[in-house]
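Biologist: Could you take me through one part of this model up close? I'd like to hear how the strands sit among their neighbours, and what the cysteines are up to.

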Amino acid sequence: MTDTRYDVLGVGNAIVDVLASVTDAFIEQHGLAKDAMLLIDEDRAQALYEAFPPAQEISGGSAANTLAGVASLGVRGAYIGKVADDQLGEVFAHDLRSIGVHYDTKPLKDGPSTARCLIAVPPDARRAMNTFLGASTLMDEADINADLVKSATVTFLEGYLFDRPEAKAAFVRASELAQAANRRVALTLSDTFCVERHRDSFRHLVKNHIDVLFANEAEIKALYEVDDFETALAKVRAETRVAAITRSEKGAVIVSGDEEVRVDADPVDTIVDTTGAGDQFAAGFLAGYSRGADLHTCGRLGVIAAAEVISHMGARPLVSLKDLAGQKGVTLD
């Protein structure tokens, strides 16, 4: 893995997040589901937006959030994702470029507006995500910059892309290009509903095309349709090069062949919003992995990044993760 311009290339749904603190009564009144991401149409998105209390609007999308974390760790990042030629699309592009992430995907001229995710955060911080995918799903194979993929150490793909055939084709194309260039391919399962929708495709990918798999405990058990975590861990160990499984307050378990690393969660005084915890764990892990760090260091970077993001509203870091990790004795230098 030499002669690379970028350490991590993310491919995903380009979305603007709208986050609001809400009551449990609001969750029930509007039929929202905690700890899940539900796909909604534009009318539902507009109705929820109008019902939301005062909210923050922040560029998001799972893989884009990960690349924001990668950049915060001082690692070279690039991103591929589709926005519309509208105000939210301009905001999305500006936000990524302003933090040093390379982004040059051509915006959609005609069609649906830029995607948005309406995130309701109740008092227990178990967020309910409701996503209108809009322009993001119209990314296709033509949007995959082959030179960009070939020049990245790791191409990171988000499972949400499997929700539309056009985007799925782009996903597969990026994976094939990376493998042909002898680069690494990473995948995040995204959420349990996503696993339920695409289990067979994910199982095939994990076994045959994925070098690094990210999942939480519920997702990995759903992937293998088992109730026991250790059983799921044994199955994924046999099928992919590296698997990094997060377990909330229990930290993370990383397996690679016969090697197994368990990393404690980084302490957090108050959990404000769990949005982006998995995205930032992946950011820390991939930052280390792309620079050749050992699995324990990768895991430590992951839990440090995840702990930072759940301490505030929003799915992207508010402080330099590189400085924060350094203060905790973890560096990539």
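Modeller: Here is a walk along two strands and their partners, with the cysteines at the end. Keep in mind that this is a predicted model.

Let's start with strand E12, residues 242-246. Five of its five residues are buried, so E12 is largely enclosed by the rest of the structure. Look at where the side chains go: Val 242, Ala 244 and Thr 246 point one way, while Ala 243 and Ile 245 point the other way, and all of them are buried. That fits the usual pattern, because side chains in a regular strand alternate between the two faces of the sheet.

Now for the neighbours of E12. Strand E11 (residues 212-216) pairs with E12 in the parallel sense, over five bridges. Strand E13 (residues 252-256) pairs with E12 too, but in the antiparallel sense and over four bridges. Ala 244 is a handy spot to put your finger on: Phe 214 stands opposite Ala 244, and in E13 the bridge partner of Ala 244 is Ile 254. Between E12 and E13 the chain makes a hairpin with five residues between the strands, and there Ser 248 takes a positive phi near 55°.

Next, move over to strand E9, residues 152-158. Here seven of the seven residues are buried, so E9 is also largely enclosed by the rest of the structure. Strand E1 (residues 6-11) runs parallel to E9, and the two pair over five bridges. Within that pairing, Gly 10 stands opposite Phe 156. E9 also pairs with strand E10 (residues 184-188), again parallel and with five bridges, and Leu 157 faces Leu 187 there, standing opposite it. To get from E9 to E10 the chain goes through helix H6 (residues 165-180), and this β-α-β crossover is right-handed.

And the cysteines? A disulfide is a covalent bond between the sulfur atoms of two cysteines. The count here is zero disulfides. Cys 117 is in none, as its nearest cysteine sulfur, that of Cys 194, is 13 Å away. Seen from the other end, the sulfur of Cys 194 has its closest cysteine sulfur in Cys 117, and 13 Å is too far for a bond, because the cut-off for a disulfide is within 2.5 Å. As for where they sit, Cys 117 has a relative accessible area of 5%, so this residue is buried. Cys 194 comes out at 0% relative accessibility, so Cys 194 counts as buried as well.

Conventions:
Residues numbered from 1 in each chain as written. Predicted model: local features only at pLDDT ≥ 70, side-chain atom pairs only at ≥ 80, totals over all residues. Heavy atoms only, no water. Buried < 20%, exposed > 50% of the residue type's maximum accessible area, 1.4 Å probe, protein only. Pairing = 2+ DSSP bridges. Right-handed = clockwise from strand over helix to strand, strands pointing away.
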